[in-house]
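The following paragraphs guide the reader through the strands of a single structure. Please keep the sequence and the three-dimensional view at hand while reading.

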Amino acid sequence: MENRCKARATCDDNHSKHYCRICSNRDSDHSARDCPSGITLYHGPGIYFANGKIAEQVSKYRGNGTGIAIFKCRVNEAYCIQGIHPKWIGVTADTFDEWCLLDHRKYRIIGIALMDGVIEGNINLPREEIIISGTCEIKGKVTARRISVGKALF
Ligand SMILES: [Zn+2]
Ligand SMILES: [Zn+2]
């Protein structure tokens, strides 16, 4: 007897109820990546989110020079404090919106962009997309729904 949740369109798990951690619905008809309560934001290292272009600019500045990784995420805005970050001289062209997520469970990674550099560990995103640009060396094992090369993230 199959045990399928209401999110069966995008969920293959063997369970009768699907918990969406973005909106906390315990019998959800959607996966967290599709959560209608969420918005799509991006973050580099840390728990601050911004739109894609800003995340790229900040990650390039903060990176150790070997490469950058940007995570595309579905985020529940209700768990964020939103603010305006002042212009970061030499990094961003202007002020920018930022979202500080207070509950670290209320987001889900829906994609990752890698630009240049060496990735030492494994990448396990079986349902997500990895976008590679520049020259990346990946030393570990990669599991992904799709790997795209040279495509724009945003
Ligand atoms: Zn499910
Ligand atoms: Zn949800």
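**Strands and their partners**

In this predicted model, an open sheet is built from three strands, arranged in the order β2-β5-β4 with antiparallel pairing. The edges of this sheet are taken by β2 (48-49) and β4 (80-85); each has a single partner strand, and therefore one side of each is left without a neighbour in the sheet. As a general matter, strands of a sheet pair through backbone hydrogen bonds, and the pairing is either parallel or antiparallel.

The edge strand β2 may be considered first. Two bridges connect β2 with strand β5 (residues 96-101), and the sense of this pairing is antiparallel. Within it, Phe49 is placed opposite Trp99 of β5.

At the other edge lies β4, and this strand contains Ile84. Is Ile84 buried or exposed? A residue counts as exposed if 12 or fewer other C-beta atoms lie within 10 Å of its own. Ile84 has 9 other C-beta atoms within 10 Å, and it is therefore exposed. Leaving aside residues up to four places away in sequence, Ile84 touches Thr95 and Asp97. A separation of 24 Å lies between the C-alpha atoms of Ile84 and Pro36, two residues that are 48 residues apart along the chain.

Attention now turns to other pairings in the model. Strand β3 (residues 68-76) is joined to strand β6 (residues 107-119) by eight bridges in the antiparallel sense. In this pairing, Lys72 faces Gly111 of β6 as its opposite residue.

Which strand pairs with β6 in the parallel sense? The partner is strand β7 (residues 123-138), and eight bridges link it to β6. Two residue pairs help to locate this parallel pairing in the view. Met115 has Ser133 in β7 as its bridge partner, while Ile119 is matched with Ile138, also in β7.

Strand β7 also pairs with strand β8 (residues 142-149), to which it is joined by seven bridges; these two strands run parallel. Here Ile130 stands opposite Ile147 of β8.

Taken together, these pairings can be followed from strand to strand: β3 meets β6 in the antiparallel sense, β6 meets β7 in the parallel sense, and β7 meets β8 in the parallel sense. The open sheet β2-β5-β4, by contrast, is antiparallel in its pairing.

Methods: Residues numbered from 1 in each chain as written. Chains lettered and ligands numbered in written order. Predicted model: local features only at pLDDT ≥ 70, side-chain atom pairs only at ≥ 80, totals over all residues. Pairing = 2+ DSSP bridges. Helix = DSSP H or I, 4+ residues; strand = E, 2+ residues; numbered from the N terminus. Buried ≥ 20, exposed ≤ 12 C-beta atoms within 10 Å, placed from the backbone. Contact = placed C-beta atoms within 7 Å.
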